[in-house]
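User: I am new to this structure, and I would like to learn how to read it feature by feature. Could you take me through it slowly, giving the general idea before each case?

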Amino acid sequence: MILVLEKTITPEQKERLNQELRKENCIIKEIIGVEETILGVVGKISRDIRYYETFPGVSKAIPISKPYKLVSRELHRDASVVMVRDVAVGGDRLVVIAGPCGVEDRTRTLDIARAVRKHGAVLFRGGAFKPRTSPYSFQGLGEEGLKILAEVREETGLGIVTEIVAPSQADLLVKYVDLLQIGARNMQNFELLKTVGRLGKPVLLKRGLANTIEEWLMAAEYILSEGNEQVILCERGIRTFETYTRNTLDLTAVPIVKKLTHLPIIIDPSHATGIREKVCPMARAGVAAGADGLIIEVHTEPEKALSDGPQSLYPDQFEQLMRDLYVIAPVVGKQVDFRYLEKAEALRKPIGKAQSPAKILYHGVPGTSGHKACAQYFGTQTPMESFTSYRNIFQQVMEDSACLGVAPVENSLTGSIHENYDLLLEYDVKIVGEIALRIVHNLIGFPDAKIEGLNKVYSHPLVFEQCREFFNQHPSWDLIAVKDTVAGVLRVKENNDPKEAAIANQEAAELFHMSILKKGIETTPRNFTRFVVIAREDFFTGPKDKTSVIYSVSDNPGALHETLKIFAEKQINIVKLESRPDPNKPWQYLFYMDLEMDLENENNLDILETLKNKTEFFKLLGNYQKGPQAIT
Ligand code: PEP
Ligand code: MN
């Protein structure tokens, strides 16, 4: 059952309740949400659950209707994130696990690992114990294979995913492995499930060959009921009458599982199809369906592979797939991050006078796009701090080198966000990265509200602009500006009037338990906002391909042309050019420019000097790595 606690419950009341619950010999879990705190009580409850409603501080007792309890969304409304070393599965970035079916030999395994790491995999797969259909097939290298996997992790930084086939292997495997895989054939091996439930290592639970989603979730429940909540589900195809493919990929499992459970889900298109050319289309479809990640078999010489060669991708196919996913992911609210592991390392390092790791500052609150940009760029788990003004973010970044800020600079529909361009001019900070988010605006209100009955809508002024065509159809509505989208949702909630609505993203609706009255009201679905990451010093090492500058030129014919000529001669692409008034000189302008250029490239070393000589004012804003441009 679920006990919803009142906000006003005192520690003494909570203790009395817990004392009583402990008598039930159940699993008790306290879940603190944004809006309410609940106690999940799972097990055989002897008393009528209404008894618990009589306790002071308890507002409601609700039975959990599903046979699986701990994995159920009824108990745990927010999606869970499972950490595998630095990798957050179920977070805002897509997690791609890649590697061979089985570990075959040291050199080849390391070669495959280097290749998948280079193209964006963040975890490495490889079986050391292979559950094969035939006892005469390659069974894996056993501990020798685990040692090779440990070497892969040591060299590449990739966490290791490998299969456990029997409880007796547990002691050996925990020494080597970061994520333990339970194979399809073992999904209902209950002793094995209980064993991994007690190991305290994250578990990748594959769906059985012929198991229903409910049976799969019950298998996960076994692991959670032993105290291990770090479970990732993996759909790898089920057996149907179709024989063309090895299995039939059940992609509907993704939205179903997302609704029924808080656990993350990934897709295995390799075992689902069994055919190399079918792997990439299904991988792309899995991401589009909303999966949190993929597990893909890759081999440098699949024709020589000891298992599953025909379904293993060549490294260059894997590379192409990752490039496609990089473009697709932002459409479904995720990112592929080619610097995932490097970022994690940079964020762990103590910096600044206080020698503390970096903290990320953003404008808004959870549920706003500023928060989402942070989570997608740095990861869901990174320490973040919310600010109420952009100026304060810039100021704080200036004062503390351990602080990085995230600020929007441009929307693809409404153009530049000048406030932040002006702050980039004023403050001595550097742009160290960028990210583009797809922005979907939803009309949010009470479940019983009708669009025809609305008379007031709250949101940020820029949001109204991005939805102008929709509002042109409703000229009588009062559009009321608030400081951010979440503030609008909260205002509607507070006013408790079904004639009012707000515009915000889906996360905000979910967070505050409001309804989406109309989805996607932005004027075009190709609506992206670009955010820059600012820091006092350069923060990331590694490739950089974009440079931003501000400059002004003398008031003479051809002066601007003289500067543009430099880029033309060097074949440097100008991706953005905008003029802004110079605050100190009326009717004179500063040029803000984004260039596809790496300043560290030897062809470009003299370019800044040449440019400075032809300008009156010059400021280098930063040299950084270009973010995903999504579909353009
Ligand atoms: C594997 O991942 O190589 C494997 C054997 O998978 P499954 O259990 O899904 O068949
Ligand atoms: Mn395999």
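Analyst: Let us begin with a contact to a bound molecule, keeping in mind that this is a predicted model. The general idea is to look for N or O atoms within 3.5 Å of each other, and here an N or O atom in the side chain of Gln181 lies 2.9 Å from an oxygen atom of ligand 1. The side chain of Arg185 offers an N or O atom 2.8 Å from an oxygen atom of ligand 1, while in Ala184 it is a backbone N or O atom that lies 2.7 Å from an oxygen atom of the ligand. Taken alone, ligand 1 exposes 300 Å², and the protein buries 97% of that.

User: Which residues surround ligand 1, and how do the residues of the shell divide into nonpolar, polar and charged?

Analyst: Ligand 1 is surrounded by Cys101, Arg125, Lys130, Glu163, Gln181, Gly183, Ala184, Arg185, Lys206, Arg236, His271 and Glu297. By class, the shell around ligand 1 holds seven charged, three polar and two nonpolar residues.

User: How should I read a metal site, and which residues are the protein donors of the manganese ion?

Analyst: A metal site is read by finding the donor atoms and then asking where their residues sit along the chain. For the manganese ion, which is ligand 2, the protein donors are Cys101 through SG, His271 through NE2, Glu297 through OE and Asp308 through OD, at 2.0 to 2.4 Å from the ion. Their spacing in sequence is C-x169-H-x25-E-x10-D. Because His271 lies in helix α9 (residues 269-273) and Glu297 in strand β14, this pair ties together parts that are 26 residues apart in sequence.

User: Are His271 and Glu297 buried or exposed?

Analyst: The cut-off to remember is that buried means under 20% relative accessible area. His271 counts as buried because its relative accessibility is 8%, and Glu297 likewise counts as buried, at 0%.

User: What does the backbone angle phi tell me, and what is the phi of Asp308?

Analyst: Most residues other than glycine have a negative phi, so a positive value is worth noticing. Asp308, although it is not a glycine, has a positive phi of about 55°. This residue, also a donor to the manganese ion, lies in the loop between β14 (293-297) and α11 (315-328), and at 16% relative accessibility Asp308 counts as buried.

User: And what is the phi of Asn496, and is Asn496 buried or exposed?

Analyst: The phi of Asn496 is near 55°, which is again a positive value in a residue other than glycine. Asn496 is placed in the loop between α18 (485-495) and β23 (500-504), and with a relative accessible area of 55% it is exposed.

User: How many disulfides does the count come to, and how would I check a single cysteine?

Analyst: The check is a distance between sulfur atoms, since a disulfide needs a pair of cysteine sulfur atoms within 2.5 Å, and by this rule the count comes to zero. For Cys234, which is in no disulfide, the nearest cysteine sulfur is that of Cys101, 13 Å away. With a relative accessible area of 0%, Cys234 is buried. Cys403 is in no disulfide either, the nearest cysteine sulfur being that of Cys374 at 12 Å, and Cys403 is buried with a relative accessible area of 2%.

User: What should I look for in contacts within the protein, and where is Asp178 placed?

Analyst: A useful habit is to locate the residue, then see which partners its side chain meets. Asp178 is in the loop between α5 (170-176) and β10 (179-182), and it is buried, with a relative accessible area of 10%. Its side chain makes a polar contact of 2.8 Å with the side chain of Arg153, and a polar atom of the Asp178 side chain also lies 2.6 Å from the backbone nitrogen of Ile160.

User: Which residue does the side chain of Thr529 join in a polar contact?

Analyst: The side chains of Thr529 and Asn411 are joined by a polar contact of 2.9 Å. Thr529 belongs to strand β25 (residues 528-535), and at 7% relative accessibility Thr529 counts as buried.

Terms used:
Residues numbered from 1 in each chain as written. Chains lettered and ligands numbered in written order. Predicted model: local features only at pLDDT ≥ 70, side-chain atom pairs only at ≥ 80, totals over all residues. Heavy atoms only, no water. Near = heavy atom within 4 Å. Polar contact = N/O pair within 3.5 Å; in protein donor to acceptor, adjacent residues only side chain to side chain. Areas by Shrake-Rupley, 256 points an atom, 1.4 Å probe, with all protein chains shown as cover. Nonpolar A, V, L, I, M, F, W, Y, C, P; charged D, E, K, R; others polar. Helix = DSSP H or I, 4+ residues; strand = E, 2+ residues; numbered from the N terminus. Buried < 20%, exposed > 50% of the residue type's maximum accessible area, 1.4 Å probe, protein only. Donors = N, O, S within 2.8 Å, 3.2 Å for Na, K, Ca; no water.
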